[in-house]
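Subject: Structure handover

Hi,

Here is the structure I promised to pass on. Please open it first, then read my notes below.

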Amino acid sequence: MNRLATIEAKGWCPGVLRPMLSGDGLIVRVRPQSATLGLDQLAALADAAGRFGNGHIDLTRRANLQIRGVSEETLPQLHEVIARFGLLDDNPDGEAVRNVMVNPLAGIDPAEVFDVRSIGGELARLLATETSLWALPTKFGFIVDSGGVLGLAEQRGDIRLAAIADGQGAAIAIGLETRIGMEWLGSIVRGAAAAVAVEIGLAFIAVASREQRQRMRDLSDEGLASVRSAIMPRLDALREQPRDADAPLMKRTGLIELGAGRFAVGIAAPFGRVEAGQIRMLVDAMAADGVKEVRLSPWRTLYAEVSDEQSGQSILAAAASVGLVVDSADPLLQIEACPGTPGCQSTSLDTRGDARWLARLLPRFGFTETVHVSGCAKGCAKSGTSDLVLIGAECRYGLVRNGTAQDTPVRHFLFSDLAASPGEIFDTDRGSMHD
């Protein structure tokens with residue numbers, strides 16, 4: 001049973017020009033082009049987060065960055081900083097639909113099919129400037145995937161563009177996310193890929209306005225057929241399938257050896273939260289080792305190319321010293337948790353404090369599956385399925401196994417009761433427990 005209709009869901013994401021009010025002030029979301037920030041930009045945002053917000057910075061699952069605790073009085077000053085570093089959109093409607101996710105190692109990874117950043121950049125430009133596209137729902141998203149060691153096959157996006165080597169030269173596979181999974185329609189030469197994505201977006205708008213739908217996967221069979229018929233004549237047959245979402249992935253944190261003598265580092269923020277001071281110390285360490293830019297990612301992990309293994313290890317040591325995660329085996333990486341109180345008005349639970357307590361127990365009980373701690377049924381930290389979900393409601397948690405925060409819990413408990421007998425929650429054989 002889906003319980004989302006019983007609680008207030010915003011239905012939109014914040015931006016710089018249209019921030020969102022939360023329990024700790026305004027949330028300002030920065031959407032950098034190709035999820036890339038120069039070290040000077042990242043340092044400036046960290047300083048601004050401390051001066052004009054509360055110093056809390058969130059790395060989002062859409063590979064964006066959020067500054068929290070901003071006030072109406074400090075927002076104009078924050079805008080000045082963001083504009084000075086070339087990160088301010090011209091229009092809030094164009095900013096709201098500029099939801100394009102690109103591989104965090106695009107242009108760096110020798111294993112990628114080809115660098116897709118130019119396609120992602122052109123698509124972002126069209127979304128921001130073509131007013132007809134501003135009718136897209138603000139959660140509607142595009143994925144531009146170059147493949148490689150950190151591909152985006154598992155990420156959800158309404159329209160997917162995937163680089164393929166189709167035997168006649170590099171091309172882009174075009175796919176739609178339907179309610180039964182990804183449907184690949186065909187391929188197009190890379191130079192026309194952004195334009196085709198825009199055409200699909202316009203076809204969706206025409207259908208969604210009739211059906212009152214917000215995502216591609218919510219369309220009726222007839223609506224989906226209409227989108228297909230609008231675009232299929234533009235596409236070539238698909239000669240090669242893009243990488244499957246179930247394909248094995250390289251570790252996402254720590255030192256990443258890319259091959260061809262190239263290295264990168266992945267540095268994760270627990271639950272996506274990083275403090276302004278942590279960012280400044282990380283920027284200083286990266287600058288000392290010659291790093292020029294940082295990439296954001298949907299895994300709430302920062303990536304940077306480094307010159308060699310020694311440089312990478314030096315940066316990782318600096319990151320670990322300020323509390324960031326650099327070990328791919330760290331149990332914190334198994335857990336997603338929303339901000340909780342006092343950052344969110346939808347819950348009275350300290351979700352991240354509770355999640356940290358759970359993380360310390362995971363190794364003891366040999367629990368290697370995924371965990372989601374949500375302060376309410378909106379499930380803002382993660383929309384997809386987790387092996388174990390704790391859902392807050394009226395100072396208690398509900399328990400769901402193999403589901404989402406919108407599912408009906410099989411039982412409820414106070415966190416203090418869980419703390420008294422933690423083995424109960426990690427007993428995966430007790431999936432039929434009831435109140």
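**Surface and overall build**

The chain exposes about 18100 Å², and carbon and sulfur atoms supply 49% of that area. Keep in mind that this is a predicted model.

Now the fold as a whole. The chain has 11 helices and 20 strands. Its radius of gyration is 22 Å, close to the 22 Å that the globule rule gives for 435 residues, so the chain is as compact as a globular protein of that length. The C-alpha trace spans about 60 × 55 × 45 Å along its principal axes.

Burial comes next. Of the 435 residues, 54% are buried. Contacts reach across the sequence too: among those with a separation of 6 or more, 63% are between residues 24 or more positions apart.

Charge is quickly told. There are 44 positive and 54 negative charges in the chain. Their mean positions are 2 Å apart.

**Helix α9 and the loop before it**

Helix α9 covers residues 351-361. Which of its residues are buried? They are T351, R352, D354, A355, L358, A359 and L361. Seen down the axis of α9, these buried residues fall within an arc of 160°, so they line one face of the helix. The general background is simple: an α-helix has 3.6 residues a turn, so residues three or four places apart point the same way.

The loop between β16 and α9 holds two residues I would look at, C338 and P342. Strand β16 itself is residues 335-337.

Take P342 to begin with. The peptide bond that joins T341 and P342 is cis, with omega about 0°.

Then C338. Is C338 buried or exposed? Its relative accessible area is 9%, under the 20% cut-off, so C338 is buried. Leaving aside neighbours within four places in sequence, C338 is in contact with T351, R352, V373, S374, G375 and A381. Two of these contacts, T351 and R352, are also on the list of buried residues of α9. For a long-range distance, take C338 and I108: they are 230 residues apart along the chain, and their C-alpha atoms are separated by 31 Å.

**The loop after α9**

E369 sits in the loop between α9 and β17, the latter being residues 371-374. With a relative accessibility of 29%, E369 counts as partly exposed. Not counting residues up to four places away in sequence, E369 touches Q334 and D387. From E369 to N402 the C-alpha distance is 9.9 Å, for 33 residues of sequence.

**Two residues with positive phi**

N402 deserves its own look. This residue lies in strand β19, residues 396-403. Its phi is near 55°, a positive value in a residue other than glycine. N402 is exposed, at 57% relative accessible area.

A35 also has phi near 55°, again positive and again not a glycine. Where does A35 lie? The answer is the loop between β2 (25-30) and β3 (36-38). At 6% relative accessibility, A35 counts as buried. So the setting of A35 is a loop, whereas N402 belongs to a strand.

**Two helix residues elsewhere**

E309 is in helix α8, residues 309-321. Its relative accessibility is 44%, and E309 counts as partly exposed. What does E309 touch, not counting residues up to four places away in sequence? It touches L255 and F263. E309 and A165 are 144 residues apart in sequence. In space they are 30 Å apart, C-alpha to C-alpha.

R125 is in helix α4, residues 117-129. At 42% relative accessibility, R125 counts as partly exposed. R125 and K382 are 257 residues apart in sequence and 28 Å apart in space, C-alpha to C-alpha.

**Where to start**

I would start at C338, with its contacts to T351 and R352 among others. Then step along the loop to the cis bond between T341 and P342. After that, go to E369 and its contacts with Q334 and D387. Finish with the positive phi values at A35 and N402.

Best wishes

Terms used. Residues are numbered from 1 along each chain as its sequence is written. This is a predicted model: local features need pLDDT of at least 70, side-chain atom pairs count only at pLDDT 80 or more; totals for chains, interfaces and linings use all residues. Side-chain values use heavy atoms; hydrogens and water are left out. Helices (H or I, at least four residues) and strands (E, at least two) are DSSP runs, numbered from the N terminus. The radius of gyration is taken over C-alpha atoms; the globule rule is 2.2 Å times the number of residues to the power 0.38. Buried means under 20% relative accessible area, exposed over 50%, partly exposed in between (1.4 Å probe, protein chains only). Contact means heavy atoms within 4.5 Å. Accessible areas come from the Shrake-Rupley method with a 1.4 Å probe; for residues, only the protein chains shown count as cover. Lys and Arg count as positive and Asp and Glu as negative; His and the chain ends are not counted. The place of a charge is taken as NZ of Lys, CZ of Arg, CG of Asp or CD of Glu. The arc is that of the directions from the helix axis to the C-beta atoms.
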